[in-house]
Amino acid sequence: MMISVPDLLDTDTVARVRQIIDAAPWINGNATSGPQAALAKNNEQLAEGSPAAREAGTIILNALGNSPLFFAAALPLKVYPPLFNRYGEGQTFGTHVDNAVRIQRGSDFRLRSDLSVTVFLEDPDAYDGGVLVVEDYFGTQQVKLPAGHAVVYPSSSLHHVTPVTRGVRTASFFWLQSMVRDNDARRLLFGLDQSIQRLTGQLGGGDRSVIELTGTYHNLLRRWADA
Ligand code: NI
């Protein structure tokens, strides 16, 4: 399941993130790759744990914490500190699967990557190519979103970024471990949550059926979640 989170960051916040990261030193993108991905990857990124990555990453984590849509879709248990990459002309990231387990260097923080997140940090008109292509369950999806929008997709999917042919594509990317490991269970919960939100809008939160459905949502979450 692929979920877009529109306007995760507003225009001012995108500008603030860009100011922080654009002024920082960038390194070869293979610093975080496994051996298979390293063969496919040609881009630049901010050094993991660098002051700029940490400062800009905190802004993104705060925005995630304020997004009910992100929470409902991802049901995050642990989120990897956001990383930042950019692709100039001719740069690309060929087809790969993300590593199943991410271990943060120099710490005991680790997670199982259930979901991958990209936060777009450049106006799509400012570059050509640089499309995120995800081969999921339901077919191949092509994603290129406005600056400040995010996309969440299964880390288990094959995916790639098409070559940039003009301009620079700048983004944040990271992984998360969901409280609900199974993609299908998580998708059911998300569908139920969205229906309950709509019904609450129509009938009010005090409606008996809304209360019962909300109970069902939480009882399913209780059954399936590691919290
Ligand atoms: Ni990837």
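How many salt bridges does the rule count in this predicted model? The count comes to 7 salt bridges, and the points below take up one of them together with the domain contact and the metal site.

1. Salt bridge between Glu 122 and Arg 18. One of the pairs joins the side chains of Glu 122 and Arg 18, with a nitrogen-to-oxygen distance of 3.1 Å. Because Glu 122 sits in the loop between strand E10 (115-120) and strand E11 (132-136), while Arg 18 belongs to helix H1 (residues 11-22), this pair ties together parts that are 104 residues apart in sequence.

2. Domain layout. The domain assignment divides the protein chain into domain 1, covering 3-178, and domain 2, covering 183-224. Their contact draws on 13 residues from domain 1 and 10 residues from domain 2, and the C-alpha centres of domain 1 and domain 2 are 30 Å apart.

3. Character of the domain interface. The area buried between domain 1 and domain 2 is about 780 Å², with 64% of it contributed by carbon and sulfur atoms. On the side of domain 1 that touches domain 2, helix H4 (residues 68-74) supplies the largest share, namely 4 residues; by class, that side of domain 1 holds 10 nonpolar, 2 polar and 1 charged residues.

4. Polar links across the interface. Between domain 1 and domain 2 the rule finds 0 salt bridges, and the count of residue pairs in polar contact, where both residues have pLDDT 80 or more, is 1.

5. Nickel site. Which residues serve as protein donors of the nickel ion? They are His 96 through NE2, Asp 98 through OD and His 159 through NE2, at 2.0 to 2.2 Å from the ion. Along the chain, the donors of the nickel ion follow the spacing H-x1-D-x60-H. His 96 lies in strand E7 (residues 92-96) and His 159 in strand E14 (residues 158-161), and this pair links distant parts of the chain, 63 residues apart.

Terms used
Residues are numbered from 1 along each chain as its sequence is written. This is a predicted model: local features need pLDDT of at least 70, side-chain atom pairs count only at pLDDT 80 or more; totals for chains, interfaces and linings use all residues. Side-chain values use heavy atoms; hydrogens and water are left out. Domain bounds come from an automatic or database domain assignment. Contact means heavy atoms within 4.5 Å. Buried area is the accessible area (1.4 Å probe) that two parts lose on being put together, summed over both. A salt bridge is a side-chain nitrogen of Lys or Arg within 4 Å of a carboxyl oxygen of Asp or Glu. A polar contact is a pair of N or O atoms within 3.5 Å; within protein, one must be able to donate a hydrogen and the other to accept it, and residues adjacent in sequence count only if both atoms are side-chain atoms. Helices (H or I, at least four residues) and strands (E, at least two) are DSSP runs, numbered from the N terminus. Ala, Val, Leu, Ile, Met, Phe, Trp, Tyr, Cys and Pro count as nonpolar, Asp, Glu, Lys and Arg as charged, and the others, Gly among them, as polar. Donors are N, O and S atoms within 2.8 Å of the metal (3.2 Å for Na, K and Ca); water is not among the atoms, so sites may look incomplete.
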